[in-house]
Amino acid sequence: MVNLQSKKSFAMVDYERCSPKRCSPENGVCASVSACTHKVIKQIDGVFESPIVFQDLCMGCWDCIEACPLDAIQVRNV
Ligand code: SF4
Ligand code: SF4
């Protein structure tokens, strides 16, 4: 049987580091959101709020990590 929980690694926002006010003071838009071509990181609470990664759908491409100027996204292994 296929185990849907068997994902090995995904992106995780470090909410201690993440600050849309600092990385994007002019419009509060997270650069990592637009960098994710899989559209699995979103600012669901709006601009100037930290994004959330839908980890089950994350492809582990790490484009979001490269895009974040504050190093606020990390690789999480399970
Ligand atoms: S994840 Fe990075 S780019 Fe996105 S809002 Fe947080 S600090 Fe800014
Ligand atoms: S690792 Fe890739 S798929 Fe996952 S949230 Fe980041 S950019 Fe999107």
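Ala, Val, Leu, Ile, Met, Phe, Trp, Tyr, Cys and Pro count as nonpolar, Asp, Glu, Lys and Arg as charged, and the others, Gly among them, as polar. This is a predicted model, in which local features need pLDDT of at least 70 and side-chain atom pairs pLDDT 80 or more, while totals for chains, interfaces and linings use all residues. Residues are numbered from 1 along each chain as its sequence is written, chains are lettered from A and ligands numbered from 1 in the order written, and side-chain values use heavy atoms, without hydrogens and water.

**Exercise 1. Describe the shell around ligand 2.**

Step 1. List the residues with a heavy atom within 4 Å of the ligand. For ligand 2 they are Ala 11, Cys 36, His 38, Val 40, Ile 41, Cys 58, Met 59, Gly 60, Cys 61, Trp 62, Asp 63 and Cys 64.

Step 2. Sort them by class: 9 are nonpolar, 2 polar and 1 charged.

Step 3. Place two members of the shell. Cys 58 belongs to the loop between strand E3 (52-53) and helix H3 (63-67); helices (H or I, at least four residues) and strands (E, at least two) are DSSP runs numbered from the N terminus. From Cys 58 to Ala 11 the C-alpha distance is 6.9 Å, with their positions 47 residues apart in sequence.

**Exercise 2. Describe the shell around ligand 1.**

Step 1. Count the neighbours: ligand 1 has 13, and the closest are Cys 18, Ser 19, Cys 23, Cys 30 and Cys 68.

Step 2. Sort them: 11 nonpolar, 2 polar and no charged residues.

Step 3. Assign helices: H1 (20-23) and H2 (31-35) each supply at least two residues of this shell.

**Exercise 3. Classify Cys 58, Cys 61 and Cys 68 by accessibility, and search for disulfides.**

Step 1. Apply the cut-offs: buried is under 20% relative accessible area, exposed over 50%, partly exposed in between (1.4 Å probe, protein chains only).

Step 2. Cys 58 has 6% and is therefore buried. Cys 68, at 12%, is also buried. Cys 61 has 34%, so this residue is partly exposed.

Step 3. Searching the whole structure for cysteine sulfur pairs within 2.5 Å gives 0 disulfides.

**Exercise 4. Summarise the fold of the protein.**

Step 1. The protein has 3 helices and 4 strands, in the order β-α-α-β-β-α-β along the sequence.

Step 2. The radius of gyration is 13 Å, close to the 12 Å of the globule rule for 78 residues, so the protein is as compact as a globular protein of that length. The radius is taken over C-alpha atoms, and the rule is 2.2 Å times the number of residues to the power 0.38.

Step 3. Of the 78 residues, 28% are buried.
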